[in-house]
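Work through the exercises below with the sequence and the model open. Each task is followed by a solution in steps.

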Amino acid sequence: MATDGNTGAAQFLPGEPDLGSLREAAARCEGCGLYRDAIQTVFGEGPAKARYVLVGEQPGDQEDRRGEPFVGPAGRVLDRALEEAGIAREETYVTNAVKHFSFTMKGKRRIHQKPTAAEIDACRPWLDAELTVIQPSVVVLLGATAAQSLLGRSFRVTRQRGQVLPFHDALAVATIHPSAVLRAPDREQAYAGLLADLKVAAGAGSS
């Protein structure tokens with residue numbers, strides 16, 4: 001079904017969904033204009049009854065090319081931090097607030113561009129559906145876009161990171177996006193902060 005690019009993803013949701021039907025339906029989503037330039041939808045991955053759901057901002061260049069979330073440099077940072085925090089990947093579902101890569105061209109390179117509020121809102125039905133199906137114990141919000149998507153636009157990761165917060169029938173913990181570690185002047189310090197927040201999430205999930 002073609003849309004005018006601004007009516008949102010809700011019309012593409014399948015009835016009585018599971019993760020498989022959601023992934024298939026999301027591959028055809030035209031709920032915002034990002035689908036026009038991205039290679040493909042990058043849906044979440046992980047077990048259907050994961051204890052933890054990790055939500056990032058959007059897929060990057062490598063994720064868009066491969067069709068998988070968190071497989072680029074930031075994903076490798078996240079994998080390391082999860083292991084050190086004691087969060088098993090087989091208990092973890094990873095996804096993004098926005099399922100298409102938003103970018104600008106710089107020469108021949110595709111450079112990450114933060115999705116707009118309208119694009120985040122348009123994609124929200126997919127994220128809501130994933131959380132409804134999975135029913136995690138803990139939702140880990142990686143970066144401001146993910147946190148504000150689910151906790152409201154007044155939420156500030158800089159002030160409220162590492163706190164265990166109620167979120168519907170689950171708990172939520174916000175932290176920086178792993179890509180922020182790669183951009184930080186002091187990567188070691190930034191990584192230590194990410195790891196500390198993930199350890200809080202691990203504790204919330206095991207309690």
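**Exercise 1. A strand residue and its contacts**

Task: Find which residues N96 touches, leaving out those up to four places away in sequence, and decide whether N96 is buried or exposed.

Solution. The model is a predicted one.
- Step 1: the contacts of N96 beyond its sequence neighbours are V55, G56, E57, Q58, P59, P69 and F70.
- Step 2: N96 belongs to strand β2, which covers residues 92-96.
- Step 3: the relative accessible area of N96 is 2%. Buried means under 20%, so N96 is buried.

**Exercise 2. The open sheet**

Task: State the order of the strands in the open sheet and which strands stand at its edges.

Solution.
- Step 1: the sheet has 5 strands in the order β2-β1-β5-β7-β6, with mixed pairing.
- Step 2: β2 and β6 (165-167) each have a single partner strand, so one side of each lacks a neighbour in the sheet and these two are the edges.
- Step 3: from one strand to the next, the twist averages 30°.
- Step 4: inside the sheet, β1 and β5 (residues 138-142) run parallel and are joined by 4 bridges. Y52 has V138 in β5 as its bridge partner.
- Step 5: helix α8 (residues 187-206) packs on this sheet and touches β1, β5 and β7 (170-175). The direction of α8 makes about 175° with that of β7.

**Exercise 3. A residue in β7**

Task: Classify A170 as buried or exposed, and state how far A170 is from D61 in sequence and in space.

Solution.
- Step 1: A170 is part of strand β7.
- Step 2: with a relative accessible area of 13%, A170 counts as buried.
- Step 3: A170 touches P136, S137 and L165, residues up to four places away in sequence being left out.
- Step 4: A170 and D61 are separated by 109 residues in sequence and by 31 Å in space, C-alpha to C-alpha.

**Exercise 4. The hairpin**

Task: Describe how β3 and β4 are joined, and what lies between them.

Solution.
- Step 1: strands β3 (residues 103-106) and β4 (residues 109-112) run antiparallel, with 4 bridges between them.
- Step 2: M105 is placed opposite R110 in β4.
- Step 3: the two strands form a hairpin with 2 residues between them. In the turn, G107 has a positive phi of about 65°.

**Exercise 5. Two helices**

Task: Work out how α1 is oriented relative to α4 and which residues meet.

Solution.
- Step 1: the axes of α1 and α4 are 10 Å apart, and the helices pack at an angle of about 170°.
- Step 2: angles over 145 degrees count as roughly antiparallel, so α1 is roughly antiparallel to α4.
- Step 3: from α1, L19, L22, A25 and A26 meet W126, A129, E130, V133 and I134 of α4.

**Exercise 6. Rings and charges**

Task: Describe the geometry of the F43 and W126 pair and name the parts of the chain that the pair ties together.

Solution.
- Step 1: the structure has 2 aromatic pairs. F43 and W126 make up one of them, with 6.2 Å centre to centre and 90° between the planes.
- Step 2: planes over 60 degrees apart count as edge-to-face, and the F43 and W126 pair is edge-to-face.
- Step 3: F43 is in the loop between α1 (19-26) and β1 (52-56), while W126 is in helix α4 (residues 117-134), so the pair ties together parts 83 residues apart in sequence.
- Step 4: both F43 and W126 are buried.
- Step 5: K99 lies over the face of F43, 5.4 Å from the ring centre. R80 lies over the face of Y191, at 3.9 Å from the ring centre.

Terms used. Residues are numbered from 1 along each chain as its sequence is written. This is a predicted model: local features need pLDDT of at least 70, side-chain atom pairs count only at pLDDT 80 or more; totals for chains, interfaces and linings use all residues. Side-chain values use heavy atoms; hydrogens and water are left out. Rings of Phe, Tyr and Trp (its six-membered ring) pair if their centres lie within 6.5 Å; planes under 30 degrees apart count as stacked, over 60 as edge-to-face and the rest as tilted. Buried means under 20% relative accessible area, exposed over 50%, partly exposed in between (1.4 Å probe, protein chains only). A charge sits over a ring if NZ of Lys or CZ of Arg is within 6 Å of the ring centre and within 35 degrees of the ring normal. Contact means heavy atoms within 4.5 Å. Two strands pair if DSSP finds at least two bridges between them. Axes are lines fitted to C-alpha atoms, for helices over the stretch in contact, and angles run from 0 to 180 degrees between N-to-C directions. Angles under 35 degrees count as roughly parallel, over 145 as roughly antiparallel, 65 to 115 as roughly perpendicular and the rest as oblique.
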